[in-house]
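Biologist: Before I rely on the terms attached to a model, I should like to see each of them justified. May we go through them together?

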Amino acid sequence: RGQLKIAASAMAARCRLAARFHRVHGANVRLDASRTRATRVESFANGLCFSQEPLAPGQIFLVEIEEKELGWCGHLRVGLTAHDPQSLEVVPEYSLPDLVNMGDTWVFAITRSHNRVAADGEEAPARARGSPWEPFLLIERVRIPRDTLVGRSRPGRYSHILDDLYKMNVLPATARRSRIGVLYAPQPDGTANMHIVINGEDMGPSARHLPAARPLYAVVDVFASTKSVRVIPVEYGFPSLQTLCRLVIQKHIVHRLAIDGLDLPLPLKSFCKHE
């Protein structure tokens, strides 16, 4: 148990360090001072971003869609690459096909549906949704706290109606406030499977036989109708007492707007609304 706690602490520290974008990015990308928010300031392309550090096995790189831009066709693209962003002479204009054509890169466009990649000779099994109140999302041997993975609307008129739709992944995966993550799960043969997670739901293996022994960076292409995304840090290990309290409060109210009427400190109300 002691070793598990140490491993969880090490993962948490690594995740805090890696939960920001790399200084190398597409020509039309502007990062904020913390390098946690990426905005495409013009056109529809040259929006490529990378994680600051290579991902650890089972570590998810999670972003929330903050702004959309009407008038363009196409959506956010995410994946993994074995190319060190620092080694790129020029950042490609597109993740698909430019970066993928360089090899050792696996990127998918986020759409309303996302196909799983079956193992050789097998059919892709149906996705297991699980209850939104289950504290952890299980992906092969990886266990991730579910609470942070789920996108939610902001408090406002009718926003409580949208929350259940976000949790059930009924709204389009590319909707504003959706949270999309990518990770790789090591396999016994030394390779890895890439998984994409949308609002707390595992889409299943999107690519297989990735070179797990090589450093793998997250790829986020702020493309077309997606204008701005923010990196969301993920807590690993056991849920904090604060997180558990939030889950209990959210489970026993009619909708999130009812939190305003509770006799709670203002910071706790904001936290329970998932702001």
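Modeller: The following exchange takes up the terms one by one. Please keep in mind that this is a predicted model.

Biologist: What makes up the secondary structure of the chain?

Modeller: Five helices and 13 strands.

Biologist: How many salt bridges does the structure hold, and why is the pair of Arg 230 and Asp 32 called one?

Modeller: There are eight salt bridges. The closest N and O atoms of Arg 230 and Asp 32 are 3.7 Å apart. The cut-off is 4 Å between a side-chain nitrogen of Lys or Arg and a carboxyl oxygen of Asp or Glu, so the pair qualifies.

Biologist: Which parts of the chain does the pair link?

Modeller: The parts are distant ones: Arg 230 belongs to strand β13, residues 226-231, and Asp 32 to the loop between β1 (29-31) and β2 (37-40), 198 residues apart.

Biologist: Why are Arg 230 and Asp 32 described as partly exposed?

Modeller: Arg 230 has a relative accessibility of 26%, and for Asp 32 the relative accessible area is 26%. Buried means under 20% and exposed means over 50%, so a value in between is called partly exposed.

Biologist: What makes Glu 67 and Arg 37 a salt bridge?

Modeller: Their closest N and O atoms are 2.5 Å apart, and the pair therefore meets the 4 Å limit. Glu 67 is in strand β4 (residues 61-68) and Arg 37 in strand β2, so parts 30 residues apart in sequence are tied together. Glu 67 is partly exposed, at 29% relative accessibility.

Biologist: Which residues are linked with Glu 67 in a network of salt bridges?

Modeller: The network joins Glu 67 with Asp 32, Arg 37, Glu 66 and Arg 230.

Biologist: How do you know that Glu 69 and Arg 40 form a salt bridge, and are these residues buried or partly exposed?

Modeller: The closest N and O atoms of this pair are 2.8 Å apart, so the 4 Å criterion is satisfied. Glu 69 lies in the loop between β4 and β5 (77-81) and Arg 40 in strand β2, so the salt bridge ties together parts 29 residues apart in sequence. Glu 69 has 24% relative accessibility and is partly exposed. Arg 40, with a relative accessible area of 0%, is under the 20% limit and therefore buried.

Biologist: Which residues have the most contacts inside the largest nonpolar core?

Modeller: That core has 32 residues, and those with the most contacts inside it are Phe 21, Phe 61, Ile 196, Val 220 and Val 229. At least two residues each come from β4, β5, β9 (179-186), β10 (191-198), β11 (201-211), β12 (217-221) and β13. Strand β10 gives the most, with four residues. Another core, of 13 residues, lies apart from it and includes Ile 60, Val 142, Leu 183 and Ala 185.

Biologist: Why is Thr 81 called buried, and what does its side chain contact?

Modeller: Thr 81, in strand β5, has a relative accessible area of 0%; this is under 20%, so the residue counts as buried. Its side chain makes a polar contact with the side chain of Thr 105 at 2.8 Å, which is within the 3.5 Å limit. A polar atom of the Thr 81 side chain also lies 3.1 Å from the backbone nitrogen of His 83. Beyond neighbours within four places in sequence, the contacts of Thr 81 include Phe 50, Trp 106, Pro 215 and Tyr 217.

Biologist: What makes the backbone at Glu 140 and Ala 224 worth listing?

Modeller: Most residues other than glycine have a negative phi. Glu 140 is not a glycine, yet its phi is positive, about 55°; Ala 224 likewise has a positive phi of about 55° without being a glycine. Glu 140 sits in the loop between β7 (136-139) and β8 (142-145) and is partly exposed at 39% relative accessibility. Ala 224 sits in the loop between β12 and β13 and is buried at 0%.

Biologist: Where is a cis peptide bond found?

Modeller: The cis peptide bond joins Leu 96 and Pro 97, with omega about 5°. Pro 97 is in helix α2, residues 95-101. Most peptide bonds are trans.

Methods
Residues are numbered from 1 along each chain as its sequence is written. This is a predicted model: local features need pLDDT of at least 70, side-chain atom pairs count only at pLDDT 80 or more; totals for chains, interfaces and linings use all residues. Side-chain values use heavy atoms; hydrogens and water are left out. Buried means under 20% relative accessible area, exposed over 50%, partly exposed in between (1.4 Å probe, protein chains only). A nonpolar core is a set of buried Ala, Val, Leu, Ile, Met, Phe, Trp, Tyr and Cys residues joined through side-chain atoms within 4.5 Å. A polar contact is a pair of N or O atoms within 3.5 Å; within protein, one must be able to donate a hydrogen and the other to accept it, and residues adjacent in sequence count only if both atoms are side-chain atoms. Contact means heavy atoms within 4.5 Å.
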